[in-house]
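Welcome! Let's get to know this structure through a few questions and answers.

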Amino acid sequence: NGTHSRNIYQHSKCGSFTQDQPKLYNPYTHDGLLKSYLKRFIPQKHLVEIEHDLTRFGDAIVANIDHMGRSCELKQPTLTQFDAWGNRIDRVNTSEEWKNMKAIAATEGIIAHGYERKYDEWSRMYQMAKMFLFSPSSGMYSCPLAMVDGAAKVLESCTLDSTVPTDDRLVKAFRCLTSKDPSEFWTSGQWMTEKGGGSDVASGTDTLAYRQDDGSFKLQGYKWFTSATDADMALTLARIVDEQGNVPPGSTGLSLFYLETRDPDYQDPVSGLNGIQIQRLKDKLGTRQLPTGELLLDGTVAHLVGQPSSGVKLISGMLTLTRIHNSLWSAASMRRLLLLSKDYATKRKVFDSYLKDHPLHVQTLARWDMESRAAFLLSFEVVRLLGITEATPSGGSDEERDLLRIVTPLCKLYTAKQAVAAASEGLESFGGAGYLEDTGLPTFLRDAQVLSIWEGTTNVLSLDALRAIAKSKGQVLNSFFAAINRRLGDVSDKSKGQLRSPIAKVHIAAGDLRAFISQTSTQGSDTMFVAARDFSYSMTRIFAALLMLEHAAWEYATPADAHAAAMWCSQDLCPAATQFRAGAYSTTSTKLEYQMVFDDLKK
Ligand code: UCC
Ligand code: FAD
């Protein structure tokens, strides 16, 4: 009674138990959703080749790349501003592993596949599937790659536009951004944020552009957040000063510029930089693998892209791509941590059973799984639409283009929030181990938090969804509801009555959303602005419900797919209508909310 047959606590012995750690499996072959999704959409003639490549790449991730990604977190970038003799050199020091990520990205064609379009409209799906596998193991290298993709998209559009004169520099930059040759491959920055504003770029930007005799410009300004400060080039915004010294104000006063950070024609003889000083690197909660800096532009030579005064509109093309990548990262990090947690549930024993045999733990994982499926399906739907608009002769139908425009901000804002919640749940699923730095797990939570901030915050993207609706005079909404109705009908036909109840819930939610829109439209635009976030959540949940049901109605779907869809549809799919009925957007409520929030600041 209470005696031990042998003393295991002796001298240096610390007990005989050690916990088996979670194992990373091939993230392609072990992600049933990704595999089945690609099988559902990609024609067999392409699928064989694509699957082969993704399986090989998944193996490489397990064998090497994931460890390199972890090293990027452990060997964070530093800035050396001065040399021993007092010269300003502004050198960003990055690890070998970080540099190797660039080479891997090039060789694997992680950007190139999207532009070579070898697999027609499915090229984007292939490219983004690779990105999906790479992201959580890339040591945040997927951030510069997202900006590479965004910049390539803008430059491709500009160089294809016959109304804009072809600029050889832009053609060369596009070639480098989409190259598979590591010695030629370039990364790009996206410098939009200044001290005065990251959301309200129009008010925040005071960088000035002075025209030079050779047609180029010199920039003077201060860029407050620049990720991947080691980039080869950047797209940035500035205001062109006219001959009288006048500076155009507002959004339409902004023009888009292209610059090379180390342009051979304009290099500082000591730092090698093109009129740029790196003032400091940001000390951040997460994304610590990534050098994010503050840049002083002092005579940086840059070249106008497109027409003057159309900077915001042009850079929106970049935002579309980076927002898609943000969604993809959200979904990928959710799925990756979940895969680790699933494995851990088979290894960790508590109260005499493995975690996998505790139904409450399984339910926790299943709810997280459901969220990750929705995030995945939303992200890949946007990718699918992007591929159609880029690589089909018609450029897609009006409905497909409208959906791409509206679902991009919705998907980014919703999946980012899901990723933060999932990362928190994910860490908890490992108990105390999830909180320990040397497990590598806390990185998931730290890095997830940025997803809802950069590339447009949740509120700003909710307002972008309203912008898309207003700009199209409501047409994108018509397309949205038309797609919901028609595609739900297809699901109903295919599923032969099996998904009747969740389908009915989506129809009801879509009806509630329509009613909400017509009721608020009679109350003026203020109501819609206050409701913007709930409205965006409603559209997203309804659209994700459609996607989950479509996947569940596919001929090779599993009962788990149907169950996940039913689980998703049993939540409040239209919180805007629920809140509206509760009076949440009334003037009285808005005034009281103001008091709730700010009364404490009164003396
Ligand atoms: O955070 C950043 C980089 C982080 C690192 C990269 C991570 C990548 C993901 C990685 C995953 C691992 S870069 C900074 C990101 N910044 C933002 O996202 C800015 C947030 N603010 C906004 O989005 C605002 O809504 C603005 C700046 C776009 C709004 O500006 P304005 O001045 O109010 O704009 P307007 O006047 O409404 O729009 C100007 C024009 C209009 O076209 P026209 O001239 O034809 O009427 C708009 O319709 O731009 C058009 N436009 C758009 N077009 C505006 N937004 C869009 C859009 N989203 N799509 C298409
Ligand atoms: P603010 O605009 O001041 O927002 C503050 C709050 O106000 C937010 O909660 C926002 O949702 C809310 N808000 C704003 N407007 C409204 C509104 N109209 N209605 C309701 N609510 C509103 N930028 C770049 O250009 N390039 C980069 O490479 C880059 N890298 C970054 C890297 C990191 C790690 C981080 C954290 C940021 C980076 N950014 C970069 C900046 C980022 O894009 C901005 O921080 C972001 O867009 C938000 O802008 P802000 O910081 O000015 O916040």
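Q: From which domains does the shell around ligand 1 draw at least three residues each?
A: This is a predicted model, in which local features need pLDDT of at least 70, side-chain atom pairs count only at pLDDT 80 or more, and totals for chains, interfaces and linings use all residues. Residues are numbered from 1 along each chain as its sequence is written, while chains are lettered from A and ligands numbered from 1 in the order in which they are written. Domain bounds come from an automatic or database domain assignment. The shell around ligand 1 draws at least three residues from each of two domains: domain 1 (32–74 + 108–137 + 314–452) and domain 2 (184–309).

Q: Which helix gives the most to the shell around ligand 1?
A: Helices here are DSSP runs of H or I with at least four residues, and strands are runs of E with at least two, numbered from the N terminus. H6 (142–160), H8 (201–204), H9 (311–345) and H13 each supply at least two residues of this shell. With nine residues, the one that gives the most is H9.

Q: Which residues come nearest to ligand 1?
A: A residue counts as near if its C-beta atom, placed from the backbone, lies within 6 Å of the molecule. There are 29 such residues around ligand 1, and the nearest are Ala146, Ser251, Ser316, Trp329 and Trp454.

Q: Which elements give two or more residues to the shell around ligand 2?
A: Ligand 2 is surrounded by 23 residues, with Gly198, Ser199, Phe225, Ser227 and Thr457 the closest. The elements are strand E3 (188–191), strand E5 (217–227) and helix H13 (458–471).
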